[in-house]
Protein chains: 2
Amino acid sequence: MLAPVPLPKAYRLLNHGPTVLVSSAHCGVRNVMAAAWNMGLNYEPALVSVVIDKATLTRELIEASGKFALNVPSRRTAAQTLAVGRVSGRDVDTTKYADKFAAYGLNTFTGTDPQLPLVEDCVGWLECTLVPEPRNQERYDLFIGEVAAAWADSRVFANGHWTYDADTPEELQTLHYVAGGTFLTVGAAFEIAPTATR
Amino acid sequence: MLAPVPLPKAYRLLNHGPTVLVSSAHCGVRNVMAAAWNMGLNYEPALVSVVIDKATLTRELIEASGKFALNVPSRRTAAQTLAVGRVSGRDVDTTKYADKFAAYGLNTFTGTDPQLPLVEDCVGWLECTLVPEPRNQERYDLFIGEVAAAWADSRVFANGHWTYDADTPEELQTLHYVAGGTFLTVGAAFEIAPTATR
């Protein structure tokens with residue numbers, strides 16, 4: 001079900017504006033957080049951007065390791081997405097849980113990089129190498145990554161396109177954060193006929 | 001129906017990932033283009049970011065005027081949103097049309113800035129002052145704006161939240177671009193109960 005996405009099409013995993021889970025690791029410490037502020041930035045090389053607050057453990061791990069992954073969650077992990085957006089990895093009770101993944105019941109796997117955890121039950125994944133831009137990181141909390149590998153769940157993404165329609169199981173819909181614990185999900189796709197545009 | 005949005009909440013107009021229309025003007029020349037690559041960047045001051053390709057007339061107008069507006073279109077103007085994302089303002093037949101707004105039948109109004117056109121039949125509007133970042137603009141086509149004023153259609157945005165539900169008219173749904181002339185629209189909101197997060 002997990003199929004590779006060609007790098008010049010990787011931006012399409014973010015193009016419709018889903019909230020993502022940012023996963024990272026360094027020297028045995030792993031973490032995951034939610035980020036609504038993300039977007040594509042370039043086709044080739046495939047660049048993406050994401051805002052990572054200074055207070056986060058994720059930021060420390062990304063700056064130390066030089067890499068991160070963006071995971072596109074679906075409704076299956078909506079509660080966990082909300083939770084990991086609210087609680088810092090620094091505040092996990094490590095006497096009870098190994099890390100934030102374990103604390104919120106998120107399972108992981110790896111793609112091409114054995115050091116970088118990817119989150120199960122998502123519908124898209126982008127492994128990224130940090131493109132260091134110190135001024136952006138310091139002034140705007142803005143991080144840029146070059147996509148090194150990408151995958152999507154072939155039940156909802158095929159031939160470079162999301163394939164959501166009225167028959168797509170609700171649990172596979174991506175999450176679009178409003179505020180206050182509320183998400184919007186995507187509805188069915190609709191196409192503009194070429195003749196409709198002058 | 002058009003209600004002001006407090007500036008620290010302006011990012012919420014973009015938070016769920018809609019494609020926007022970027023409008024701009026300078027010395028009597030006006031233009032509009034579509035941009036799926038946009039995101040919130042800060043709460044206070046309210047900052048947003050958007051990617052504007054070097055080839056665009058919009059970019060020339062923004063760099064000359066130091067301002068732009070992000071308009072959040074709905075399904076009412078989906079065909080126009082697609083069209084203005086495909087055709088450059090430089091290629092409008094000015095023997096027939098005054099500008100790209102006229103060429104694609106988009107009406108405009110103004111908010112606080114009499115020089116900055118806003119697009120009718122959208123559901124959100126952000127008037128922005130360019131925050132010049134020459135390296136970002138040149139290297140990544142990345143533009144940052146400080147939101148000077150914002151409004152939303154009170155039928156779908158109230159108290160700082162999008163209010164989409166099963167009863168929202170389809171024509172007021174925001175547009176989330178897939179590719180190849182296909183958009184996703186937002187479905188109904190769903191809320192995660194506080195007890196669902198550990």
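This tour moves from the pair of chains as a whole, through the interface between them, to one helix and one of its residues.

**The pair and its axis**

Begin with both chains displayed, bearing in mind that this is a predicted model. Two copies of a chain are related by a rotation about an axis and a shift along it. Here, a turn of 180° with a shift of 0.0 Å along the axis lays chain A on chain B with an RMSD of 0.0 Å, which is the relation of a two-fold axis. To find where chain A comes up to that axis, select Gly17(A), whose C-alpha is the nearest in chain A, at 1.7 Å from the axis.

**The interface**

Next, select the residues of each chain that are in contact with the other: there are 58 in chain A, and they touch 58 in chain B. Because 100% of the interface residues of chain A are also interface residues in chain B, the copies meet through the same surface. Between them, the two chains bury about 4900 Å², and 61% of this area lies on carbon and sulfur atoms.

**Polar links across it**

With side chains shown, turn to Arg135(A) and Glu133(B), whose side chains form a salt bridge with an N to O distance of 2.8 Å. In total, 4 salt bridges are found across the interface of chain A and chain B, and the count of residue pairs in polar contact between the two chains, both residues at pLDDT 80 or more, is 17. Now select strand β14 of chain A, residues 182-191, which contributes 10 residues, the largest share of the side of chain A that touches chain B. Colouring that side of chain A by residue class would divide it into 34 nonpolar, 17 polar and 7 charged residues.

**Helix α2 in each chain**

Move to chain B and select helix α2, residues 78-86, where 7 of the 9 residues are buried, so that the helix is largely enclosed by the rest of the structure. The buried residues of α2(B) are Ala78(B), Ala79(B), Gln80(B), Thr81(B), Leu82(B), Ala83(B) and Val84(B).

Then cross to chain A and select Gln80(A), which has its place in helix α2 of that chain, again residues 78-86. Is Gln80(A) buried or exposed? Its relative accessibility is 19%, and since buried means under 20%, Gln80(A) counts as buried. Which residues surround Gln80(A), once its neighbours within four places in sequence are left aside? Select Tyr104(A), Gly105(A) and Leu106(A), for these are the residues with which Gln80(A) is in contact.

Key:
Residues numbered from 1 in each chain as written. Chains lettered and ligands numbered in written order. Predicted model: local features only at pLDDT ≥ 70, side-chain atom pairs only at ≥ 80, totals over all residues. Heavy atoms only, no water. Least-squares fit on C-alpha atoms with pLDDT ≥ 70 in both. Contact = heavy atoms within 4.5 Å. Buried < 20%, exposed > 50% of the residue type's maximum accessible area, 1.4 Å probe, protein only. Helix = DSSP H or I, 4+ residues; strand = E, 2+ residues; numbered from the N terminus. Buried area = accessible area lost by both parts, 1.4 Å probe. Polar contact = N/O pair within 3.5 Å; in protein donor to acceptor, adjacent residues only side chain to side chain. Nonpolar A, V, L, I, M, F, W, Y, C, P; charged D, E, K, R; others polar.
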